[in-house]
Amino acid sequence: MSLPRNHVLQALSPEDFALLLPSMHRVQLNLKAQLEVPYQPIEHVYFPEAGIASVVATMTGGRQSEVGIVGYDGMTGVAVILGQDSSPNETYIQVAGNGWCLPVENLRPVIAESQSLRESLLRYAHAFLVQSSRTALVNGHSKIEERLARWLLMVHDRTEGNKIYLTHEFLATMLGSRRPGVTTALQMLEYRGLVHAKRGEITIVDRAGMIKLTHGAYGDEEQRHFGLAAA
């Protein structure tokens, strides 16, 4: 078997990976597939090899905002790693792909059996919480065009090629903003020659320029898992 592309699985020792492998199977991760339902028991964790899952929080009244991105750098089910059965957030696929699926009922015994496996997964859980805290900081202090640029860069990190297939409506949900504001911000990025946008598709044209535009909102923490040098 070839080495998994997923970074969490790559980081495991051969012995710990062997503990998980018998219970894992490959899956297609289809667009909008729901991986976790708020406050419902989490039955499976997913290790993407391609594609992106969004972790989305919802307020009373239905307002939503993305609080985390999971690509081939990570895994879903952080609540399970932390000893919980469910999460208040929803997790679903925003960019279709594929990966590995593991039943939670098979994960818990091996976490209990192997301290090194438990520590490896907890390191990822910490990294995900750092990402979420950075997102909260940026959402509170950065302009919408800076937030949009950061988000597009994070998606770009987790996809192949320079094209990202997303609608303005979806972008608005991810950023917790109104659609007209996101449209205006996207037009500004295009005017500056950083992206090219058409219906349902955004092409990254000038990545370095986008990083500069974020004024530090996209930095070391966002790049840490991809071996990218800080710009």
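Modeller: Before we look at this predicted model, a term is needed: two strands pair if DSSP finds at least two bridges between them.

Colleague: In what order do the three strands of the open sheet stand, and is their pairing parallel or antiparallel?

Modeller: Strand 6 (163-164) and strand 7 (195-198) stand at the edges, and each has a single partner strand, so one side of each is left without a neighbour in the sheet. The pairing in this open sheet is antiparallel, and the order of the strands is 6-8-7.

Colleague: Over how many bridges do strand 7 and strand 8 pair?

Modeller: Strand 8 covers residues 201-204 and pairs with strand 7 in the antiparallel sense. Within strand 8, E201 is the residue that stands opposite K198. The number of bridges over which strand 7 and strand 8 pair is four.

Colleague: Is I202 buried or exposed?

Modeller: I202 has its place in strand 8, and, leaving aside neighbours within four places in sequence, its contacts include L152, I164, L171, L186 and V195. Buried means under 20% relative accessible area. The relative accessibility of I202 is 1%, and therefore I202 counts as buried.

Colleague: Which residues of the largest nonpolar core is L121 in contact with, or, put more simply, what does L121 touch beyond its neighbours within four places in sequence?

Modeller: The largest nonpolar core has 34 residues, and L121 is one of those that touch the most other members. Helix 5 (115-141) is among the elements that each supply at least two residues of this core. Leaving aside neighbours within four places in sequence, the contacts of L121 are V8, M75, I81, L107 and I111.

Conventions: Residues numbered from 1 in each chain as written. Predicted model: local features only at pLDDT ≥ 70, side-chain atom pairs only at ≥ 80, totals over all residues. Heavy atoms only, no water. Core = buried A, V, L, I, M, F, W, Y, C linked by side-chain atoms within 4.5 Å. Buried < 20%, exposed > 50% of the residue type's maximum accessible area, 1.4 Å probe, protein only. Contact = heavy atoms within 4.5 Å.
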